[in-house]
Amino acid sequence: MIDWPPASDLVITELTLGVLLLVGLAAEALGRRTPLPGVTILLCLGVAIGPVGLDLLPDARATWFPIVSSFALVMIGFLIGGEFTRERLRDVGGTVVIVAIGQAAVTFALIAGGLILLDFDVPVALVLAGIGTATAPAATVAVVHELGASGRFSRLLVGVVAIDDVVALTAFGLALSFATGSGAGFALGEALFEIGGAIALGAAIGLPAAALSGRIQPGRPSLEEALAIVLITTASAHYLGVSEILAAVVVGGVIANLARHHERPFHEIENIEQPFLVIFFLLAGASFELEALLLSGGLGIAYIALRTTGKVLGGWLGGRRAGLPGREAAWLGVALLPQAGVALGLALVAAEQLPDGARLVSTVVFATIVFELTGPVGTRAAVRRSERGGTGHEQVLPARKRRPTWIPRRLQRPRD
């Protein structure tokens, strides 16, 4: 009998990463065969291997999740920024701003007013209202990419989640200022510094990157360029204490509008982002804990109900105000339901300044579990309903089995 030595930490890490990626591959295949998007399946599998289930990754959650989540969010932000070309801004730019502000304002008002009417503390109600305006760009964009959607509704949706950080940080800063009695000064000033600093950082990285991108040939040099942009943006945002995803959006937008060959770095990021997203969503699911449900109680249920109503109603009102067709306006708020990292970060900031901070954090954690598991399902349904069966350029999703797949394409005749 061979006396095998105990596995080292390096061996365990390598094996864990390999298994997680295989799980992600299985989730992707399952997502193509079920009504559930791959994001929701990955999160459910993460819950199963986390403390709620088998608790297989206690060390990985603490060590890997912050690093992987930063890389994944910056990649997502970089890709979102690449959508903000001059042509697309002319197409949906004004609509994006109207919808983003409109749905956030309605969501804030419903959460704050509803919680106060339900006799919850006013400071907690205001802070939760500010947090409730935030969405989850990673889950939303992942669903859009999974569907291969590229119509007006998808472009509008990606645009809204791109500037959602700005809206959410501003709303949260105002809410925390009034909740803590510090007026409109300190917390709002911090939020504006985070927003302004992210924009300045994105421009400082994006301008030289745009000049560099036009001179690099496709292939490995372009991959190295894309990875360098992601790493520099992530490290700089952490060092300065500004929004990493907003900085990445600005970097992507600058490159998309100024570089001669701007497609290359975006294509390279698309080629390598999937492993990071798989591990990110699995570890996000593995971070959910049952204690949050017990601590949040009725506050968590009320927050979830009010935020859902606010997003759906706000998306419809904002969409109609911006001149969207009824179908798109009705589904827009449903597509904006996912909520994750930004909300948790804001909750932790508020917890340090409010006496009922523990309950506040547990409420947001509980809501995150619900919205991350169910939100991508709503996003998928919204994109499908809005971009199939419309008219003109809205028909971008492939219809299911329009012709028998066994007939060679050259022999197929288009239907009248």
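Which helix gives the largest share of the lining of the second largest cavity? To answer this with care, it helps to begin with the whole chain and then to move inward. The model is a predicted one, and its chain has 15 helices and zero strands. Of the 416 residues in the chain, 51% are buried, while the accessible surface comes to about 19600 Å², with 65% of that area belonging to carbon and sulfur atoms. Among the contacts that have a separation of 6 or more, 81% are made by residues 24 or more positions apart.

The interior can be followed through its nonpolar cores. The largest nonpolar core has 56 residues, and those with the most contacts inside it are Leu115, Val127, Leu128, Ile131, Ile255 and Ile269. Helix 5, which covers residues 122-132, gives the most to this core, with seven residues. If we look at Ile131 and leave aside its neighbours within four places in sequence, we find it in contact with Phe172, Tyr303, Gln339, Ala343, Leu346, Ala347 and Val364. Apart from this core lies another one, of 55 residues, and Phe84, Ala138, Phe281 and Leu336 are among its members.

Ala138 leads us to helix 6, where it is one of the buried residues. Helix 6 covers residues 137-147, and nine of its eleven residues are buried, so this helix is largely enclosed by the rest of the structure. The buried residues are Pro137, Ala138, Ala139, Thr140, Val141, Ala142, Val143, Val144 and Leu147. Just after the helix, Gly148 takes a positive phi of about 65°.

Pro137 brings us back to the opening question, because besides being buried in helix 6 it also belongs to the lining of the second largest cavity. The structure holds two cavities of 30 Å³ or more, and about 30 Å³ of space lies in the second largest of them. The residues that line this second largest cavity are Ile80, Pro137, Val161, Ala162, Asp165, Ile245 and Val249. Two elements, helix 7 (152-180) and helix 10 (244-258), give two or more residues to this lining, and helix 7 provides the largest share, with three residues. By character, the lining residues of the second largest cavity divide into six nonpolar, no polar and one charged.

Ala162, one of these lining residues, can also be related to a residue elsewhere in the sequence. Glu83 and Ala162 are 79 residues apart in sequence, and their C-alpha atoms are 9.8 Å apart in space. Glu83 is placed in the loop between helix 3 (58-82) and helix 4 (86-117), and at 32% relative accessibility it counts as partly exposed.

Two further residues show how the surroundings can vary along the chain. Asp119 lies in the loop between helix 4 and helix 5, where it is exposed, with a relative accessible area of 70%. Asp119 also has a positive phi of about 75°, although it is not a glycine. Thr233, by contrast, sits in helix 9, which runs over residues 220-240. Is Thr233 buried or exposed? Its relative accessible area is 1%, so Thr233 is buried. When residues up to four places away in sequence are not counted, Thr233 touches Val74, Leu201, Ile205, Glu244, Ala247, Ala248 and Val251.

Methods
Residues numbered from 1 in each chain as written. Predicted model: local features only at pLDDT ≥ 70, side-chain atom pairs only at ≥ 80, totals over all residues. Heavy atoms only, no water. Helix = DSSP H or I, 4+ residues; strand = E, 2+ residues; numbered from the N terminus. Buried < 20%, exposed > 50% of the residue type's maximum accessible area, 1.4 Å probe, protein only. Contact = heavy atoms within 4.5 Å. 1 Å grid on protein atoms, 1.4 Å probe; cavity = no way out; pocket = protein on both sides within 12 Å on 5 of 7 lines; lining within 4 Å. Points joined across faces, edges and corners; volume = space filled by probe spheres on them. Nonpolar A, V, L, I, M, F, W, Y, C, P; charged D, E, K, R; others polar. Areas by Shrake-Rupley, 256 points an atom, 1.4 Å probe, with all protein chains shown as cover. Core = buried A, V, L, I, M, F, W, Y, C linked by side-chain atoms within 4.5 Å.
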